[in-house]
Amino acid sequence: MKRLRSRLLAVLFLTAAYVFVWPAANVPYYAAVLLHLAAGLVLVVVLALSMRSILPAVSPAQRIAWPLLALGGVLGLVLIFTGTRKSDWPLLFAHVGSCIAGGALLLSAWAGRRGFMAGSYLKGAIRGGLFVIAAVLVTMGAWWVRTVPWEHANRIENPRIAPATMDAEGDGPTGLYFPSSAQTKHGGRIPADYFIESDACQRCHADIYRQWQSSAHHFSSFNNAWYRKSIEYMQDTVGIQPSKWCAGCHDPALLFSGMFDRPIREVEDTPAGQAGLGCMMCHSFVKVKSSMGQGDYELEYPVMHRLAASKNPIVRQLHDFLVDLNPEPHRRVFLKPFMRNQTAEFCSSCHKVHLDVPVNHYRWVRGFNEYDNWQASGVSGLGARSFYYPARPQQCADCHMPLKNSEDFGNSGTIHSHEFPAANTALPYVNGDDAQLNDTEQFLKQDQLSVDIFAISPETTPQQAGAGAATTAGPGFQTTFAVGEEAETSIPAANAAQSATPVALLSAPLNRVIASVRAGGTYRVDVVVRTRKVGHFFPGGTVDAYDCWLELNATDDEGHTIFWSGEVKDGGKGPVDPSAHFYRSLQIDAHGNPINKRNAWATRAVVYVHLIPPGAADTVHYRVRIPESAAGHVHLHAKLNYRKFAWWNTQFSFAGVHDPSQRNPAVSPGFDDTHWVFTGGTLRIPGGGHGIPDAPIVVVAENTATLNILPGTAGEPAPSEALNQSDWTRWNDYGIGLFLQGDLTGAAGAFEKITKIDPNNADGWVNIGRVRVQEGNLASAREVLERALALKPDLARAHFFYAKVLRGEGRYDDAISHLREVLKQYPRDRVVHDDVGRILFLQHKYAEAQKEFEATLAIDPEDLEANYNLMLCYTGMDQADRASEFQKRYLRFKADESAQTLTGPYLREHPDDNTERQPIHEHVSDLVPAPASPPKKYSVAPAHRGASARAAKDSD
């Protein structure tokens, strides 16, 4: 019996060590778990039968050890029935602790019998204590072996240098999944069934499964009418292979099984084509290879998954029993550390994309990109130059996977929502999912943004399109996505006096001051849109595909409309007033056709990009004429509207067909001159059973203001301003919006107001400093930034802009000193690293500069400035081969400067878009007679139930 007990203990401790230190979801590991369980059961029985005979015959240490082991065995029996979920960890720790203590005391007694610290009770007690301490230290070491290498092996890190071409991404042109960067760990296919078995997860994660059922992830594939049409059209236009670029993040069941190698119409209605992004997609990532996106991940095909999805109830019960008994291997397969610790980088694998020759037959073009602008912003806590910062840094899951209570078997009381609340109202609308639609609308309205009718001023010089505004292609035109605040060079320059906001003539803030207008007068109304809880540009995602616009309506006391910009035609169901202020990226193909079919591969030029960075604002100008007959009051109502998807794209997705009267339209990968009519059948389209749907319009934020109307014979009302402490943010937001559109004079005037409101708030002085730096007025910038630093010596953004002043004055060492202060607080701000590197380069310290630019590439391997300057650094160090490598990257990522020539003909035909393209512009009312519109490219088609099948302007 004694020998049996010894052998059982040896088996138990060896299997326990293996099970604890090296958890893995494989057969040997689970065999060890079962062996541990069986040996424990036998030992409990043996001890129950022999405990009375054991205790009288053993040493005091053993008389403590054996009951402890017996207790551990009993607790182990309990754990067989309860499992070892988080809620059961106290029981698990008690089991482990009693067994470790008991085992340590048995070893102590064994050592004592061999003369180690023997001879007295005191020595025995000390010996026992030492062995227990040693056991604890060994356990801690085992925990380190179990945890630290695992955490380090599962971090997302960027390569030292980006690929020189798309052919070097993923598995390359001969790969199974190219041009997606996606790869599998074993290098082969994965059966489609693996990705459509999410229902197997609901046995333990019922709430998560229910949430996912309604999510946009679930409807990412051909159960989504808009995506379905875009891929059908893409394959018709450029073929099957380029469309795999989309499949890496939309269609895992089709892509990884090889079904996507067939024409998509053959497989889109199969279970795999309707699967969307299930549990096994995101949770099977074993590696995210970079933050460059483009599906840059590696998937694992777990060896044990067949147990979970088996149709045999006994096999399923065995799987669930093993997972419940020891969830760690299951957790390690499906919840890698980077999924929790590097959420944004994890999400970047699909929420950041680029196109290149294998997809667009053209060159590298940035697609949508949620990651980089988040990373550079104050929301991430990583950007040093933001206007605003949240109370604590936020990652993707903080907004889009909020915690919810759950009693699911597989969690500890709360779960991260797998509804993924965001902005897709179209899918729940056509799916008839009222709960998801309501949740999405409420999410959009939860103070994500604000609208403020801020100021009014009398008419000065009418702003003409292009007057005083930068009309050449600036950095914003280097991509289909706005540059934003990660580069101060994104701010246009408006140097003409007529472009400047007349701050001295403002009546502001409205609703704080009583403002009046004269009948028959013309006034400029300024409306500010501010991002508040948005961690990326607004709007986000595929910004060429939405209707997102600011609407301003003015009525008199009798309800007569006297001004309306941003009206939606057909009673609020049709296209948006083309002269409205839009938030989107407007792109055209090589023949000047708008990119409105989700045909990003055909993008050849960007007409304009209007997006609001996180923690920033946009100031929108309206020219409102008050009718001469008006009296009483003018009631202003501004609304920020959002419709997913754009009206034209919805018509196209559900019923778009070639115009039969057009023969042989010119089509290539770079353009499509086809005329489209919306007469196709909708019955086989997901959500098309009742015709073309009228996608809902959500009012994200709104504001009202009232103006008094004076008689036309009265004098011009005097400006009125209020500088209350509570309005500090309103004035600041107004200035930010002016600053970002290049109205530096107006911005400076607004920022000066906030220094009067609160002269002890350093941000006001910093913002004036931003303006002065942008103007090149270094002396004035120095003065205000020194004042900011006196108020708050550790303010990183003050140090950053002060360093720009010092650099402009040629004081390079002092500038670097201030930038180093910034990097102490924000070591992952790539613009700061670039600035340090550039100064070092100017000092001919090429090796030191190289390190700074390499630090930038560790954050973003596609950073244009870093690649350019590394080319120069290596040239300076006579390393031509290395310089050539970075030259290739620079030439790959830089803008096609000739592309803007394509916009000229388009802008001449689309005056509204030409106006919107100008950094500073004004909107007039749709009620005012406008010049005749240019000929429409799309034909009018008969009406469908649910929406009329109208044709839209090219820009819609």
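This is a conversation between a student and a tutor about how the terms used for this predicted model are justified.

Student: What should I know about the model before we start?
Tutor: The model is predicted, so local features need pLDDT of at least 70 and side-chain atom pairs count only at pLDDT 80 or more, while totals for chains, interfaces and linings use all residues. Residues are numbered from 1 along each chain as its sequence is written, and side-chain values use heavy atoms, with hydrogens and water left out.

Student: Why is strand β10 called largely enclosed?
Tutor: Buried means under 20% relative accessible area, exposed means over 50%, and partly exposed is in between, using a 1.4 Å probe and protein chains only. Ten of the ten residues of β10 (residues 522-531) are buried, so the strand is largely enclosed by the rest of the structure. On one side the buried residues are Thr-522, Arg-524, Asp-526, Val-528 and Arg-530, and on the other they are Tyr-523, Val-525, Val-527, Val-529 and Thr-531. As for the names, strands (E, at least two residues) and helices (H or I, at least four residues) are DSSP runs, numbered from the N terminus.

Student: How do you know that β10 is paired with β8 and with β16?
Tutor: Two strands pair if DSSP finds at least two bridges between them. Nine bridges join β8 (residues 449-458) to β10, and these strands run antiparallel; β10 and β16 (residues 617-625) are also paired in the antiparallel sense, over nine bridges. Both pairings therefore meet the requirement of at least two bridges. As examples, Ser-450 has Arg-530 of β10 as its bridge partner, and Thr-522 has Arg-625 of β16.

Student: What makes the link of Cys-249 and Cys-350 a disulfide?
Tutor: A disulfide is a pair of cysteine sulfur atoms within 2.5 Å, and the sulfur atoms of Cys-249 and Cys-350 are 2.0 Å apart, so the pair qualifies. The structure holds one disulfide. The pair links distant parts of the chain, with Cys-249 in helix α8 (residues 240-250) and Cys-350 in the loop between α15 (343-348) and β4 (352-355), 101 residues apart. Both Cys-249 and Cys-350 are buried.

Student: How do you know that Cys-399 is in no disulfide?
Tutor: The nearest cysteine sulfur, that of Cys-396, is 8.7 Å away from that of Cys-399, and that value does not fall within 2.5 Å. Cys-399 has a relative accessible area of 23% and is therefore partly exposed.

Student: What makes the contact of Arg-730 and Asp-452 a salt bridge?
Tutor: A salt bridge is a side-chain nitrogen of Lys or Arg within 4 Å of a carboxyl oxygen of Asp or Glu. For Arg-730 and Asp-452 the N to O distance is 2.7 Å, so the condition is met. Arg-730 is in helix α23 (residues 728-740) and Asp-452 in strand β8, 278 residues apart. Arg-730 also meets Asp-727 in a salt bridge, at 3.8 Å from N to O.

Student: Why are Arg-730, Asp-452 and Asp-727 called buried?
Tutor: Their relative accessible areas are 18% for Arg-730, 13% for Asp-452 and 1% for Asp-727, and each value is under 20%, so each residue counts as buried.

Student: Why is the pair of Trp-89 and Phe-93 called tilted?
Tutor: Rings of Phe, Tyr and Trp (its six-membered ring) pair if their centres lie within 6.5 Å; planes under 30 degrees apart count as stacked, over 60 as edge-to-face and the rest as tilted. The centres of Trp-89 and Phe-93 are 6.0 Å apart and their planes are at 50°, so the pair is tilted. Trp-89 is partly exposed at 29%, whereas Phe-93, at 53%, is exposed. The rings of Phe-841 and Tyr-846, with centres 5.5 Å apart and planes at 50°, are also called tilted.

Student: How do you know that Arg-530 lies over the face of Tyr-388?
Tutor: A charge sits over a ring if NZ of Lys or CZ of Arg is within 6 Å of the ring centre and within 35 degrees of the ring normal. Arg-530 is 3.7 Å from the ring centre of Tyr-388, which is within 6 Å. The charged end of Arg-882 likewise sits over the ring of Tyr-874, 5.2 Å from its centre.
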